[in-house]
Structures are given as structure tokens and as C-alpha cells.
Amino acid sequence: MEDGALALDRHGLWEETPPSPRLALLQSRASAAASELHDRETSVTVPRMPSPRAQGQARRTSKARAAARRRARRIAGLIAVSIALVVTFLLSAFGSGSSAQTQTRPVPANRLVPAGQPRPQVVALRGSLRLQLPIDQSRVTAIGYHAAGGGALALEPVGRQANEGIFARLARKLFGGVNHGLTYYQLGGAEGPSTAALDVGAPPGTDVYSPVDGTIVGITPYMLRGKEYGARIDVQPTTAPGLVVRLTHLRPDPALTVGSSVAAAISKIGTIIDFSQVEKQALARYTQDSGNHVSAELHPAASLAIP
């Protein structure tokens, strides 16, 4: 020691101990990682903010799609309702039709005796001419129209056709039509207008009354296959002197003469005769008997001829 102080040998100064190989390796790796992180460029992609115009377009598109869905639902609902209505009308039309009846039971006894005068009721028209029902309503079995030749004119039925087709029934249901008056059947026929002959069914022996006000201008035998079956009675209407109403399938009343004046639904002109053994009568498809009837046709007076 010199001057009372601790003196260190200059050769004994602190020397740093070199790191171990393991530590040097770790430090080298850490330094390399830090350098790599420092050198690497980092970036983050941020979505672009939608513009206000794009947001408005999206809202409009969403509203349009919602409106389209609502319209589609409404259209589907209307279609379903329409189908239901059509089915209902079809069922109603089918239900309102009448099918051909068969003879399943005897004719009621009260139809086997003569009846009184019918209530005034128009059954057919031709312009201003009105044909009244010639049989008492309680004795009528069925009413039918069919084609007839020989110059017979078409009649306009008053009432409803019971055996009309499904499309005609549907059209009447949809658009309306004549639902009052008598029910009648279309019987067919091969020649002339389809409504030229009017058949009013009733049992044999039923009284027949004049269908128009007028004058008897002819009472002639009604011939069929060379045999006489009752008479043909021609009535000239007062309101239409250029026409003649021709009635057949009846026996004339003994008091009736040519020139006699008759009143519609009041004056008796004859009685129905039985034609069941003479011909197959089309009206029988819709009655409970053989279809006996009185037949009426309308002809121009100029064509009136004696058979």
C-alpha cells in the first residue's frame, strides 16, 4: 500500500467474461429476428366504406324485392280464389241440371182425369205473339222443343232449359239469364229450327185449351203412316193474322167448328190422345209416362195447306 490507500495492480483490472456458446447462439437468433421484423413491411387491408349512393341503391333494391314478393302473394291468392269460384260455379251448374228421368212409378191418379182451365202463363214467343200454356199447370208432365220441317217457324222459349250444356249453364251463372218461367227440355230433331215445335206433356184425356186469342181456320184429320190419329187444328191469332198456330196429337172438341172464336187459356179445343202405341215420343225421356203431349207449331198463314 502506498499513501495509506488500497492500490490495485494495473494488471488486476476487471475483464468481462466472454458469453457461453449457448448464450451467444440465442443472442444471435434474437438479433436476427429483430432485424427481420424491422425490415419486413407490414400492411392491413381495410374494407372500403360504401358510398351513400350505393347504400340508397341497396335500400331501393330491397324494397323492390319485398314489393315483388307481396305482388306474387296477391296474385297467387287471386288465382286460388278464382279457381275456387270456378269450381263452385261448375258444381252449381252441374247441380242445377236435370238428367233424364225414368219411368219408376205410375202416373198420379189426379193426372188421369180431365183438368180445368190453365192459369194464364206465357210459354213461348214469336215477336209480339205470345203463346199461352194450353194445359192446366197441375197436369203438365214436361215441356220440350224440337226441330220441325214443313216451314215451321222458330219459337222463343220462355223459361230455363233444364238440359243445357255445362258451358251454357256456367255462362248463365256468371252473366245472368232467364231463371223465371217454365222449365223446358231441348229434344233435338233433324230438320228445321231447333225450337220450331213445342210439346206440352200431359196424360191422355187431358183437356187442351187454345194458346192464343183467335179464330179456328182449319180442323183436318191428322194422318200418320196412312192412319188417322185425331186432328190438326189451325188457329189464326188475332194479334198476328199473318200466322197460324197448328196443334196436333189431340182429339178436337165436338163443339169446335171452323170459324169459331177462341180465347187463350179459356176456350177448350180438344183432349190429348194416346200416341204411345204409334211412335216413340222424345218427351218420354223426361216424364214418368210414355211422353204423351199436345204439339204446337207456328206457320205463315200463306203456307197453310190441307194435308
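**Exercise 1. Identify the members of the largest nonpolar core that touch the most other members, and the strand that contributes its largest share.**

Solution. In this predicted model, the largest nonpolar core holds 33 residues. Val123, Ile135, Ile143, Tyr145, Val200, Leu247 and Ile269 touch the most other members. The largest share of this core, four residues, is supplied by strand E11 (residues 243-252). A second, separate core has six residues, among them Tyr185, Leu187, Leu283 and Tyr286.

**Exercise 2. List the contacts of Leu247, leaving aside its neighbours within four places in sequence.**

Solution. Start with Pro211, then take Ala231, Arg232, Ile233 and Val235. Ile269 follows, and Val294, Ser295 and Ala296 complete the list.

**Exercise 3. Determine how strand E14 is paired and why it is largely enclosed.**

Solution. Step one: strand E7 (residues 197-201) pairs with E14 in the antiparallel sense over five bridges. Gly201 has His293 in E14 as its bridge partner. Step two: E11 also pairs with E14 in the antiparallel sense, over six bridges. Here Arg246 stands opposite Glu297 in E14. Step three: E14 covers residues 293-300, and seven of its eight residues are buried, so the strand is largely enclosed by the rest of the structure.

**Exercise 4. Decide whether Gln161 is buried or exposed, and describe its surroundings.**

Solution. Gln161 belongs to strand E5 (residues 159-161). The cut-off for buried is under 20% relative accessible area. Gln161 has 19% relative accessibility and therefore counts as buried. Its side chain makes a polar contact with the side chain of Asn163 (3.1 Å). Leaving aside neighbours within four places in sequence, Gln161 is in contact with Tyr184 and Gln186.

How values were computed: Residues are numbered from 1 along each chain as its sequence is written. This is a predicted model: local features need pLDDT of at least 70, side-chain atom pairs count only at pLDDT 80 or more; totals for chains, interfaces and linings use all residues. Side-chain values use heavy atoms; hydrogens and water are left out. Helices (H or I, at least four residues) and strands (E, at least two) are DSSP runs, numbered from the N terminus. Buried means under 20% relative accessible area, exposed over 50%, partly exposed in between (1.4 Å probe, protein chains only). A polar contact is a pair of N or O atoms within 3.5 Å; within protein, one must be able to donate a hydrogen and the other to accept it, and residues adjacent in sequence count only if both atoms are side-chain atoms. Contact means heavy atoms within 4.5 Å. A nonpolar core is a set of buried Ala, Val, Leu, Ile, Met, Phe, Trp, Tyr and Cys residues joined through side-chain atoms within 4.5 Å. Two strands pair if DSSP finds at least two bridges between them.
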